[in-house]
Number of protein chains: 2
Amino acid sequence: MGLVVQKYGGSSVADAEGIKRVAKRIVEAKKNGNQVVVVVSAMGDTTDELIDLAQEVSPIPSGREFDMLLTAGERISMALLAMAIKNLGHEAQSFTGSQAGVITDSVHNKARIIDVTPGRIKTSVDEGNIAIVAGFQGVSQDKKDITTLGRGGSDTTAVALAAALDADVCEIYTDVDGVFTADPRVVKKARKIDWISFEDMLELASSGSKVLLHRCVEYARRYNIPIHVRSSFSGLRGTWVSNEPQGDQPMEQAIISGVAHDTSEAKVTVVGVPDKPGEAATIFRAIADSEVNIDMVVQNVSAASTGLTDISFTLPKDEGRKAVTALEKTKASVGFDSLRYDDQIAKISLVGAGMKTNPGVTATFFEALSNAGVNIELISTSEIRISVVTRADDVKEAVQAVHSAFGLDSESDEAVVYGGTGR
Amino acid sequence: MGLVVQKYGGSSVADAEGIKRVAKRIVEAKKNGNQVVVVVSAMGDTTDELIDLAQEVSPIPSGREFDMLLTAGERISMALLAMAIKNLGHEAQSFTGSQAGVITDSVHNKARIIDVTPGRIKTSVDEGNIAIVAGFQGVSQDKKDITTLGRGGSDTTAVALAAALDADVCEIYTDVDGVFTADPRVVKKARKIDWISFEDMLELASSGSKVLLHRCVEYARRYNIPIHVRSSFSGLRGTWVSNEPQGDQPMEQAIISGVAHDTSEAKVTVVGVPDKPGEAATIFRAIADSEVNIDMVVQNVSAASTGLTDISFTLPKDEGRKAVTALEKTKASVGFDSLRYDDQIAKISLVGAGMKTNPGVTATFFEALSNAGVNIELISTSEIRISVVTRADDVKEAVQAVHSAFGLDSESDEAVVYGGTGR
């Protein structure tokens, strides 16, 4: 007998039928002798509908009130889920983030969890109840105001509760069968990964894989909580994310975990930067001050004839305008020639802890792209990841070519349904 | 400068336009130099939609979870209202019933307020904010579970907060211009009442007037909080409900406050009850044990020849089956002949403190009904009220006849829009 934390996303509880299906799955876990704590997101489109309403009354809604509004979504899904479970003859109680002891800072709309004090949850499950907890929400430590955790918040709630309750596993139920070696919408032969280390999963998440967000994996790694990503529809064994393989999982990790791609970024090139100390610092200080998060940064060696160099970086498209505006203000002090902004790019990343000790991975990667006729615009590497920037139009060919080159293609032709997770 | 508590019902905040209109009205009150606390119900049909969802997942939803579910409704409306006010350049903060300190007992779906500890509300308005509070909801004293107050709960929240904050007035905004001398849908010439005493308002409320519920008026009377019932659409002066007329209100109350009618009740007659001690007690104990609330009770003198009497009472139609079932079980012990159940009745009530000292009111009342050809089936009186039961078909003629007979008809022919309030 153990303690299991399960998380169900909005697509799993999109309507009454979905809620009843999920209720049955939860009851199964309880019948198997586990204590069960469930974290649930808002139903399907609820959040979008609430956002639309907010836009109708105020163009720039207050952060505090926006959080108060959005948290109504989980309140609805969790109460309905508890009712559905009770209707199956099992005891269930729902709890808001605040009641569950999810304590956050005061940054509305993207609060960070400071502490979890799950006393009421512990009492509830010890009394034999299934505890249903609202994902995505908490209460601020200082003002006792309702907060939300931002994107991927429900996954983070689940992992944080699992850590605070010392759970045996945190099961993340979604609408796909697990983490794949590539996005199955792009690569038909993508394979489900049985086990992946926290480190590789972190790299995949920051390279564009949307099944788990970086923040949630980071939290799980810090507290060493095994995550099991699986489908709420099929109920099949999914992907385990943990420090070490468990049970009958393969003992040795594959050289390559997978190929991720990301078309949500844009590229900015600062052309003709004088190659002297302090110039790059000025540029990136300006960007940091405008609160833009950047991703890859590449600087070429300067041309000997001119003493000028180019600096390129990628960033979320949403933040492109802010960054360009901030950079234009530094033009005089830095003395660069011009700015180029390009949002028709894709980032392709190959991730795998095995590449550290396997020479030739980088060469194989570039050869695959070359054979597919894909031009590389930027390159950036870490110990367990290689990323390149290509034209957005080339993304499909690039991912498929790399996936095949590293022997990741599945032999079956089963179609896989694949979608993003909610919050 | 004073402290005003305003309450807006679901029909006043049914959509984004309604919320923006209400926001303007609230800001006016603030600009007039008042501290303003607003209690708001769920938007239009939200509650009904949530109830439908609950029915889809569970035929008999758990009380605790049902309350958790329904309270999402006010969470949405209050957050949107706070946003709309901030959008007009004024500071606003929304608070759940729990945050506002509305402490209740643990009876889910119809909790009673035990205490109000409005510390956060007080701080918020002292800091210059308009405080928006979720109506209809509270938190249970013992288990810290979310509760709802049942029908008319938002009005009760408003009055309870007004009492705890020692407010100058509790303004109940609704979709009608105030309390009328009769239901304007039935009596075209019904007049708006400028001022009415708590006592007369209590009698009207328990006789079928739906503008204010008995419970809310009772609370206001206990703590002597003047209520101002008015329209959120017209903004006109409405009806004041208080101990004594205030300001330029008429100093002397009319003899008759108004005529109320109620078609939501049914009549049960227990035929042929032996006229001996204890029989009535047995009958009404059986009804009380089945938790049915009864209204009028009438027993005729027994016929000398048989020693048998009939006992009639009225009760909500919804509870008819329960009462009849309970009574049938007592048939053997009481020894009555038969039960008659009739749900085609109406109750017509004339209310006015003046009737105590004005002889002839009863006679005029019966004459008016007789002239209109309306037959009287039951009669029940209190010091400030006369009620009769008639056929449901006769209700319109009966109310109009009584309204005219007591000189309540308005001289203007203005049409009045009239509807019930939400929760």
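Which residue of S20(B) does Ile379(B) stand opposite? Keep that in mind as you work through the exercises below.

This is a predicted model, in which local features need pLDDT of at least 70, side-chain atom pairs count only at pLDDT 80 or more, and totals for chains, interfaces and linings use all residues. Residues are numbered from 1 along each chain as its sequence is written, chains are lettered from A and ligands numbered from 1 in the order in which they are written, and side-chain values use heavy atoms, with hydrogens and water left out.

**Exercise 1. Find the partner of Ile379(B) and place it in its sheet.**

Step 1. Helices (H or I, at least four residues) and strands (E, at least two) are DSSP runs numbered from the N terminus, and two strands pair if DSSP finds at least two bridges between them.

Step 2. The residue facing Ile379(B) is Val388(B) in S20(B). Strands S19(B) and S20(B), the latter covering residues 385–391, run antiparallel and are joined by five bridges.

Step 3. Now widen the view: the open sheet has four strands in the order S13-S18-S20-S19 (chain B), with antiparallel pairing. Its edge strands are S13 (258–262) and S19 (378–382) of chain B, each pairing on one side only. On average, neighbouring strands are turned by 20 degrees against each other, direction ignored.

Step 4. Add the helix that packs on this sheet: H7 (residues 198–206) of chain B touches S13, S18 (345–351), S19 and S20 of chain B, and its direction makes about 175 degrees with that of S18(B). Axes here are lines fitted to C-alpha atoms, for helices over the stretch in contact, and angles run from 0 to 180 degrees between N-to-C directions.

**Exercise 2. Trace the pairing around S7(A).**

Step 1. Two bridges join S4 (residues 102–104) of chain A to S7 (residues 137–140) of chain A, and these strands run parallel. Ile103(A) has Val139(A) as its bridge partner in S7(A).

Step 2. S7(A) is also joined by three bridges to S8 (residues 146–148) of chain A, this time antiparallel. Here Gly138(A) stands opposite Thr147(A).

Step 3. Look at the turn: S7(A) and S8(A) form a hairpin with five residues between them, and Lys144(A) in the turn has a positive phi of about 60 degrees.

**Exercise 3. Work out how the two chains are related and describe their interface.**

Step 1. Superpose the copies by least squares on the C-alpha atoms of residues with pLDDT of at least 70 in both. A turn of 180 degrees and a shift of 0.0 Å along the axis lay chain B on chain A with an RMSD of 0.1 Å. The two copies are therefore related as by a two-fold rotation axis. In chain B, the C-alpha nearest the axis belongs to Ala72(B), 2.4 Å from it.

Step 2. Count contacts (heavy atoms within 4.5 Å): 41 residues of chain B are in contact with 41 residues of chain A.

Step 3. Take the buried area, the accessible area (1.4 Å probe) that two parts lose on being put together, summed over both. The chains bury about 3,300 Å² between them, 63% of it on carbon and sulfur atoms. In chain B, Val57(B), Arg75(B) and Met83(B) lose the most area to chain A, together 23% of what that side buries.

Step 4. Look for salt bridges (a side-chain nitrogen of Lys or Arg within 4 Å of a carboxyl oxygen of Asp or Glu). There are two between chain B and chain A. Arg120(B) forms a salt bridge with Asp145(A), their closest N and O atoms being 3.0 Å apart.
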